[in-house]
Amino acid sequence: MYKTMSKTVLITGATSGIGKATAQLLARNNYKIILCGRREDRLIELERELSKHTETHTLLFDVRDKKAVFESISSLPDAFSNIDILINNAGNAHGLDPIQNGDLDDWDAMIDINVKGLLYVSKVIIPRMIEKKSGHIINIGSTAAKEVYPNGNVYCATKHAVDAINQGMRMDLNAFGIKVGAIHPGMVATEFSEVRFKGDTDRAANVYKGFDPLQAEDIADIIHFVISRPYHVNIADLIVMPTAQASSTIVKRD
Ligand code: NDP
Ligand code: 8X3
């Protein structure tokens, strides 16, 4: 048997990057974890790894699929159904083009995943938190939630929406004692740029060339810090960049 369990955390986008590193860190810190993503092989492998430390459960769904989101989270066994912390992390950029060349499928993907998907997952979990009058929601935004950069148009718009939703959630859930906060990373070396550039690994690697980008573990560390503060402390909005980065467009490279 495991030691006395602490809180139950649901992490979307746990198969890679920030979500995976967060799951790994929280597992070592005795959180019970619900791992979500679309890539089943990765979920199985991660569950195997983390079960050495904690209790885990996997949910396989695409956040764009409203029905799957609702059915999947509603199907959680009793041992995992009391979600204390929701980490809305799943998301990506698709493409980096001037608005006039933007691809409609890329726009749909970003709006459907980064904004609507985050809302669908939250919509299932918030009523449970309201019922017990406690809970903590962390929304992963971006520096792109705070500024717009050339060719970032729709991705930046989706992250600005996350920023607005984060603020709105905090206001609307305040009466129920639910904490809501966003973490806005700058450049983190994950699969993010490979997804943005549709598997062009050279172009993706160039994004992080000549400086020390953040690592997924850096953000995991911050998420752990944020969720382990005493109840009366809510980190509402936190921007974190690599030291070499001053803004979306100013990066000191070798
Ligand atoms: P990764 O590409 O490494 O991870 C993205 C995660 O999101 C994967 O686990 C992926 O899982 C999941 N995901 C993507 N689409 C869907 C979908 N339709 N349904 C369910 N899950 C999905 O990138 P990061 O770890 O970097 O990104 C995590 C978050 O951090 C994103 O919201 C991103 O916008 C944000 N961010 C990233 C920054 C960076 O520079 N890397 C900077 C600022 C913010 P799967 O494919 O298995 O479904
Ligand atoms: C990811 C970081 O700079 O590509 O949100 O927008 S950036």
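In this predicted model, Ala 23 makes contacts well beyond its own stretch of chain: with neighbours within four places in sequence set aside, its partners are Ile 11, Ala 14, Ile 33, Leu 35, Leu 46 and Leu 50. Ala 23 is also one of the buried residues of helix H1. Three of the names just met, Ala 23, Ile 11 and Ile 33, return in the largest nonpolar core, which holds 61 residues; together with Val 9, Leu 35 and Ile 219 they touch the most other members. Helix H5 gives the most to this core, contributing eight residues. In soluble globular proteins, nonpolar side chains tend to be buried together.

Helix H1 itself deserves a closer look. It has twelve residues and spans 17 Å from its first C-alpha to its last, close to the 16 Å expected at 1.5 Å a residue. The helix is mostly covered, with nine of its twelve residues buried. Besides Ala 23, the buried residues of H1 are Gly 17, Ile 18, Gly 19, Lys 20, Ala 21, Thr 22, Leu 26 and Ala 27. Just after H1, Asn 30 adopts a positive phi of about 75°.

The same helix takes part in the surroundings of ligand 1. H1 provides the largest share of that shell, three residues, and helices H1 (17-28), H5 (104-132) and H7 (192-196) each supply at least two. There are 30 residues around ligand 1, of which Gly 13, Gly 17, Arg 38, Gly 91 and Phe 192 come nearest. By residue class, the shell divides into twelve nonpolar, 13 polar and five charged.

Ligand 2 has surroundings of another composition. Its shell consists of Ala 93, Ser 142, Thr 143, Ala 144, Gly 152, Met 187, Phe 192 and Ser 248. These divide into four nonpolar and four polar residues, with no charged residue. Phe 192 is thus a handy landmark for the reader, as it is listed around ligand 2 and also comes among the nearest residues to ligand 1.

Helix H5, already met in the core and around ligand 1, also contains Lys 132. Is this residue buried, exposed or partly exposed? Lys 132 has 13 other C-beta atoms within 10 Å; because a residue counts as exposed at 12 or fewer and as buried at 20 or more, Lys 132 is partly exposed. The C-alpha atom of Lys 132 lies 9.5 Å from that of Ile 178, although the two residues are 46 residues apart along the chain.

Notes: Residues are numbered from 1 along each chain as its sequence is written. Chains are lettered from A and ligands numbered from 1 in the order in which they are written. This is a predicted model: local features need pLDDT of at least 70, side-chain atom pairs count only at pLDDT 80 or more; totals for chains, interfaces and linings use all residues. A residue is near a molecule or strand if its C-beta atom, placed from the backbone, lies within 6 Å of it. Ala, Val, Leu, Ile, Met, Phe, Trp, Tyr, Cys and Pro count as nonpolar, Asp, Glu, Lys and Arg as charged, and the others, Gly among them, as polar. Helices (H or I, at least four residues) and strands (E, at least two) are DSSP runs, numbered from the N terminus. The expected span of a helix is 1.5 Å times one less than its number of residues. A nonpolar core is a set of buried Ala, Val, Leu, Ile, Met, Phe, Trp, Tyr and Cys residues joined through C-beta atoms within 7 Å. Two residues are in contact if their C-beta atoms, placed from the backbone, lie within 7 Å.
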